[in-house]
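Please look through the structure below before reading on. The paragraphs after it go through contacts, helix packing, a hairpin and backbone geometry in turn.

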Amino acid sequence: MVILGAPGSGKGTISSRIVRDFGLTHLASGDILRSHILNKTELGTTAQGYMKEGKLVPDDLMVDLIASELAGLKGTSWLLDGFPRTKPQAQALHQHQQLDMVLNLEVPDEVIIERIKGRWIHLPSGRTYHTEFKPPKVAGVDDVTGEALVQREDDRAESVSQRLKLYATNTNPVKDFYAQLGILQAFHGTESNEIWPRVHRFLQNHIPALSGPF
């Protein structure tokens, strides 16, 4: 199973709940890449070479990384997060592994922008706040140290908007590809707690639930 969702769509939250309630093995493409690099595998070393040159890891190499991981999970139900990101990646992955289902989280861009632009961080500790959902006791100040909070460049409204446009450009062909295969299931909403019960009900028709939804 693959899960798709724009940055800030709640994909991480939904993924963690799927793993918790259905016992799937969670595979994050970024974690797989880092693991291969850390363990100095042949694929990891090759990928690191591209990264050191400031280049994107080629599609075929990323597919090989993911496919090698999936090959060790035969007979195990898994959830792939963060891959594929482009149609060529989806097509290549399909040659290695035919998916049962692809979950797609559809959250309006304006909701995501409002959600992300409210994030502020205390850089030395990594503590995060949100102006609406988790505000600091004093606006703009870390609760523990009293030091100033900052907003990451990627969290500014303009940056978020650009990221969402890029995501749509890359991912809409991926969604079309899986829709044509008849395995794409979309879930619309504005927050994870609204979307999650629908995801849970859908998955219950295909996978025995261990618990939930909560």
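A residue is called buried when its relative accessible area is under 20%, exposed when that area is over 50%, and partly exposed in between. Arg 20, at 40% relative accessibility, therefore counts as partly exposed. The model in which these values were computed is a predicted one.

Arg 20 is a useful place to begin with the charged contacts. Its side chain meets that of Asp 21 in a salt bridge, with N and O 2.6 Å apart. The two partners differ in their surroundings: Asp 21 has a relative accessible area of 0% and is buried, whereas Arg 20 is partly exposed.

How many salt bridges does a search of the whole structure find? The search gives 11. One of them joins Asp 81 to Lys 11, whose closest N and O atoms are 2.4 Å apart. Asp 81 belongs to strand β3 (residues 78-81) and Lys 11 to helix α1 (residues 11-22), so this pair ties together parts that are 70 residues apart in sequence. Both Asp 81 and Lys 11 are buried.

A salt bridge within a single helix is found in α8. There Arg 198 pairs with Glu 194, the closest N and O atoms being 3.1 Å apart. Both residues lie in helix α8 (residues 192-204), and their spacing of 4 residues is about one turn of the helix. Arg 198 counts as partly exposed because its relative accessibility is 31%, and Glu 194 is partly exposed as well, with a relative accessible area of 30%.

Helix α8 also takes part in an aromatic contact. The structure holds 2 aromatic pairs. In one of them, the ring centres of Phe 177 and Tyr 178 are 5.3 Å apart and the ring planes stand at 65 degrees, so the pair is edge-to-face. Phe 177 is buried at a relative accessible area of 12%, and Tyr 178 is buried at 2%. Phe 187 and Phe 202 form an edge-to-face pair too, with 5.7 Å from centre to centre and 70 degrees between the planes. Because Phe 187 is in strand β7 (residues 184-188) and Phe 202 is in helix α8, the pair ties together parts that are 15 residues apart in sequence. Phe 187 and Phe 202 are both buried.

The next element is helix α2 (residues 29-38). Its buried residues include Ser 29, Ile 32, Leu 33, His 36 and Ile 37. Why do the buried residues of α2 line one face of the helix? Seen down the axis of α2, they fall within an arc of 135 degrees, so they line one face. That buried side packs against β2 (25-28), α3 (42-52), α4 (59-71) and β3. On the face turned away from the buried side, α2 carries the exposed residues Arg 34 and Leu 38.

The backbone just beyond this helix needs a word of background. Most residues other than glycine have a negative phi, and most peptide bonds are trans. Lys 40 is not a glycine, yet its phi is positive, at about 55 degrees. Lys 40 comes just after α2, in the loop between α2 and α3. With a relative accessibility of 67%, Lys 40 counts as exposed. A cis peptide bond is found elsewhere: the bond from Phe 83 to Pro 84 has omega near 0 degrees. Pro 84 lies in the loop between β3 and α5 (87-96).

The last region is one that carries an annotation. An unreviewed UniProt entry lists residues 119-154 as "domain: Adenylate kinase active site lid". In the model, the C-alpha atoms at the two ends of residues 119-154 lie 10 Å apart, and the span is 0% helix and 22% strand. Strand β5 (residues 119-122) runs antiparallel to strand β6 (residues 127-130), and 4 bridges join them. Arg 119 has His 130 in β6 as its bridge partner. The hairpin of β5 and β6 has 4 residues between the strands, and in this hairpin Gly 126 takes a positive phi near 85 degrees. Arg 119 is also linked with Arg 152 and Asp 155 in a network of salt bridges.

Notes
Residues are numbered from 1 along each chain as its sequence is written. This is a predicted model: local features need pLDDT of at least 70, side-chain atom pairs count only at pLDDT 80 or more; totals for chains, interfaces and linings use all residues. Side-chain values use heavy atoms; hydrogens and water are left out. UniProt positions are given in the numbering used here, feature names are shortened, and annotations may be inferred rather than shown by experiment. A salt bridge is a side-chain nitrogen of Lys or Arg within 4 Å of a carboxyl oxygen of Asp or Glu. Buried means under 20% relative accessible area, exposed over 50%, partly exposed in between (1.4 Å probe, protein chains only). The arc is that of the directions from the helix axis to the C-beta atoms. Contact means heavy atoms within 4.5 Å. Two strands pair if DSSP finds at least two bridges between them. Rings of Phe, Tyr and Trp (its six-membered ring) pair if their centres lie within 6.5 Å; planes under 30 degrees apart count as stacked, over 60 as edge-to-face and the rest as tilted.
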